[in-house]
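Me: I should like to learn how to read the features of a protein model. May we work through one together?

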Amino acid sequence: MLKTILGEKELIHALHSGNKTTGVEEEGVYLEPLAKHPARVKHTFLKGARKFLEKQYFFFMIDQLKEKQMVAKVGAIDTSYSSDLGKVEGFVCIINQLAYPHPSETTHYWMIVYFCFRIGRISAAIEACRKINDPEFNAFASILEEYTQQTKSDTFGHVGSPLPPDTLNYVQKRFKELCASQASHYQLIVYNIVG
């Protein structure tokens, strides 16, 4: 069970230290070393769960694109779906046609950024922000680039914020400003995730 949730590499890393000859066994995995490092196990478990959910949502998105190809191509920036961003843009078109019929242009773009996050693709979110060529989106792309440089990762899930204090303060201040205004729900969500 642990192997399914955590992933084999993460489980091996979590078990690396400790005596594997004693302890309680579950599916061939001795759990005693896990008890010695609860913070590491918690972080590894949450990271594995997040990756699992991102992967599941990505597959859901692909299934929706296959089922509703004609709707997905309406208004999509990249209809080839060859890139992650192209897949997200097609998926957002499906959502806009079926559930959220007339979003503002800004809301549409924040939806694209949000769904890039939802499938765990920060690099696709950066690419989307840069394509839009708007000051707000360019600033957000810079924040995401700083995040990926600090973490050396294209996914979320690090303990604490890897952003420098000035950037983190900016993101948190901007989130509060957006809460007071009539900002898109998707914009609020992405600022909340980053901050």
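The dialogue below moves from the overall fold to a pair of helices and then to a single residue.

Me: What kind of model is this, and how are its residues numbered?

Reply: This is a predicted model, in which local features need pLDDT of at least 70 and side-chain atom pairs count only at pLDDT 80 or more, while totals for chains, interfaces and linings use all residues. Residues are numbered from 1 along each chain as its sequence is written, and side-chain values use heavy atoms, with hydrogens and water left out.

Me: How many helices and strands are there in the protein?

Reply: Helices (H or I, at least four residues) and strands (E, at least two) are DSSP runs, numbered from the N terminus. Here the protein has 11 helices and two strands. Along the sequence, the pattern reads α-α-β-β-α-α-α-α-α-α-α-α-α.

Me: What share of the 195 residues is buried?

Reply: A residue is buried under 20% relative accessible area, exposed over 50%, and partly exposed in between (1.4 Å probe, protein chains only). In this protein, buried residues make up 42% of the 195 residues.

Me: At what angle do the axes of helix H7 and helix H8 cross?

Reply: Axes are lines fitted to C-alpha atoms, for helices over the stretch in contact, and angles run from 0 to 180 degrees between N-to-C directions. The axes of H7 (residues 105–118) and H8 (residues 122–132) come within 8 Å and cross at roughly 165°. H7 is therefore roughly antiparallel to H8; angles under 35 degrees count as roughly parallel, over 145 as roughly antiparallel, 65 to 115 as roughly perpendicular and the rest as oblique.

Me: Which residues of H7 and H8 meet?

Reply: Contact means heavy atoms within 4.5 Å. From H7, Tyr109, Ile112, Val113, Cys116 and Phe117 meet Ala124, Ala125, Ala128, Cys129 and Ile132 of H8. The residues of this contact divide into 10 nonpolar, no polar and no charged. Ala, Val, Leu, Ile, Met, Phe, Trp, Tyr, Cys and Pro count as nonpolar, Asp, Glu, Lys and Arg as charged, and the others, Gly among them, as polar.

Me: Is Val113 buried or exposed?

Reply: Val113, found in helix H7, counts as buried because its relative accessibility is 0%. Not counting residues up to four places away in sequence, Val113 touches Ala125, Cys129, Phe137, Phe140 and Val190.

Me: Which residues of H8 are buried, and what follows that helix?

Reply: The buried residues of H8 include Ile122, Ile126 and Cys129. After H8 comes Asn133, whose phi is positive, near 55°.
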